Amino acid sequence: MAQLSDDCFAFGGQLLSVDAAAALIAERIPPIEGLERVALAQAHGRVLAGGLVARTPLPPFFNSAVDGYAFAHASLGAEATRLPLAGRLAAGDAARPLPPGTAMRVLTGAPMPEGADTVMMQEDAVLEGDALLLPPGLKRGANCRPAGEDVPQGAEALPAGALLTAPEIGLAAALGFAVLDCRRPVRVGVFSTGNELASPGQPLGPAQTYDSNRFTLMAMLARLPVVVTDLGILPDREDATRAALAAAACDHDVLITSGGVSAGEEDHVRAAIESFGSLVFWRLAVKPGRPAALGVVGGTPVLGLPGNPVAAVVCFLHLARPLILRLAGAIEQPLPRFPVPAGFHHRKKAGRREYLRVRIEPGPVAQRFEREGAGLLTSLTQSHAFCELPEEMTQLEPGTLVQVLPFAAIF
Ligand code: AMP
Ligand code: MG
């Protein structure tokens with residue numbers, strides 16, 4: 001495995017913009033090595049190692065796109081033309097020649113009879129006894145699909161680094177691939193930190209709260225090309241944090257923690273990274289989000305996400321997601337954003353990017369979730385999207401177009 005040197009990020013500053021963090025990740029993180037042959041039915045969510053070249057054209061042969069009647073366009077006259085019907089071809093039948101001056105019944109997916117180049121749809125066809133009546137002015141090539149119209153033989157159907165989701169899997173299947181060369185998944189270890197945390201299913205002690213981040217983050221990781229190890233909850237102790245990170249760094253490609261990364265005396269993640277690795281940055285100019293840390297220990301990147309649940313999600317999207325996609329060798333996948341008019345006023349500080357939770361209401365218009373707070377999990381379950389307010393913005397008026405990141409595309 002190619003290891004990151006601890007000083008691979010020559011970045012001096014501390015508070016980093018979201019874009020600078022993304023650029024740092026894009027420039028400095030090399031993909032992990034290792035390929036696997038993966039059966040198509042298991043390949044969902046994996047990353048294609050090399051370009052997928054079509055060994056056959058798609059579709060493989062010239063065929064009818066509809067149920068109808070095939071004929072040679074050249075046999076049409078200036079006036080209405082009457083072509084006697086000669087035979088029938090269904091899907092799966094071998095192509096036959098079209099007797100000159102005739103039309104042939106064809107069903108969807110059937111090969112075009114040799115000599116035919118156009119199909120009249122059944123719904124539009126006028127039959128007179130055993131003959132087809134064709135008006136003048138029909139378009140040559142209508143209602144049929146040439147071989148290779150989707151993918152010509154020899155063309156690259158999918159690029160190296162393609163993330164295999166349903167459409168890519170379908171295309172690979174259509175091209176006859178039963179097995180795909182994929183990159184191996186990224187091994188991600190996930191920790192929570194905090195003396196106050198209890199695992200769901202355990203009794204809740206006094207002053208304890210259930211650990212939600214580990215489960216939110218593992219659910220978000222399920223969209224990425226990873227194998228996840230649930231590494232549980234770390235106590236707020238620097239020695240324990242250091243030992244756990246050191247042990248986990250050996251057999252993971254990236255470690256993700258949440259909590260314990262601010263500047264309080266019970267925040268030990270940053271100190272643990274610094275004590276035996278190196279810190280790249282530890283504050284991100286984003287709300288909710290700051291603080292978040294990126295470091296390298298034993299050649300393995302460690303991402304310290306904030307403890308507050310919504311902040312952890314925002315930082316996951318901007319740090320963990322691009323970092324993992326880079327490690328996985330995947331083509332960059334920008335977060336999907338759509339412009340929607342805002343339905344509310346808002347003031348913000350310049351110099352940091354802000355994410356508000358919004359509902360998309362008819363209009364469409366983005367309406368803000370009523371309550372603030374980076375700890376409110378219902379602000380996510382009861383909203384539809386993040387509304388992204390750029391660094392330079394200080395004031396938002398109703399009607400202004402804002403970019404929204406729909407939850408359906410990120411969760
Ligand atoms: P910290 O950054 O560790 O000070 O955490 C900030 C806030 O997030 C605190 O109120 C923590 O209790 C809360 N928090 C930290 N980790 C988690 C977690 N895994 N699940 C739920 N809440 C958490
Ligand atoms: Mg904590």
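In this predicted model, helix α3 passes helix α6 in a right-handed crossing. Helix α3 covers residues 213-221 and helix α6 covers residues 309-327, and their axes come within 11 Å of one another while crossing at roughly 35°. If you look at the residues that bring the two helices together, you will find Asn213, Thr216, Leu217, Met220 and Leu221 on the α3 side, meeting Pro309, Ala312, Val313, Phe316, Leu317 and Ile324 on the α6 side. Sorted by class, this contact has 9 nonpolar and 2 polar residues, with no charged residues taking part.

A second pair of helices can be read in the same manner. Helix α4, made of residues 238-250, packs against helix α5, made of residues 269-276, at an angle of about 60°, and their axes are 9 Å apart. Because of this angle, α4 counts as oblique to α5. The way α4 passes α5 is a right-handed crossing. From α4, the residues Glu238, Thr241, Arg242, Leu245 and Ala246 meet Val269, Ala271, Ala272, Ile273, Ser275 and Phe276 of α5. By class, the contact between α4 and α5 has 7 nonpolar, 2 polar and 2 charged residues.

From the helices we can turn to the ligand. Ligand 1 is surrounded by 15 residues, of which Glu196, Asp211, Ser212, Gly260 and Gly307 are the closest. In the case of glutamate 196, an N or O atom of the side chain is 2.5 Å from an oxygen atom of ligand 1. Glycine 260 instead offers a polar backbone atom, which lies 2.8 Å from an oxygen atom of the ligand. Asparagine 213, a residue of α3 that also meets α6, has a backbone N or O atom 3.3 Å from a nitrogen atom of ligand 1.

The last stop is the backbone itself, where a general rule helps: most residues other than glycine have a negative phi, and most peptide bonds are trans. Where, then, is a peptide bond cis, with omega near -10°? It is the bond that runs from lysine 287 to proline 288, and proline 288 is found in the loop between strands β21 (286-287) and β22 (293-297). Another cis peptide bond, with omega about 10°, joins arginine 290 and proline 291, and proline 291 is also found in the loop between β21 and β22. Asparagine 143, although it is not a glycine, has a positive phi of about 60°, and this residue is found in the loop between β10 (131-134) and β11 (144-145).

Terms used: Residues numbered from 1 in each chain as written. Chains lettered and ligands numbered in written order. Predicted model: local features only at pLDDT ≥ 70, side-chain atom pairs only at ≥ 80, totals over all residues. Heavy atoms only, no water. Axes fitted to C-alpha atoms, helices over the stretch in contact; angles between N-to-C directions. Helix = DSSP H or I, 4+ residues; strand = E, 2+ residues; numbered from the N terminus. Parallel < 35°, antiparallel > 145°, perpendicular 65-115°, else oblique. Left-handed = near helix turned anticlockwise from the far one by under 90°. Contact = heavy atoms within 4.5 Å. Nonpolar A, V, L, I, M, F, W, Y, C, P; charged D, E, K, R; others polar. Near = heavy atom within 4 Å. Polar contact = N/O pair within 3.5 Å; in protein donor to acceptor, adjacent residues only side chain to side chain.
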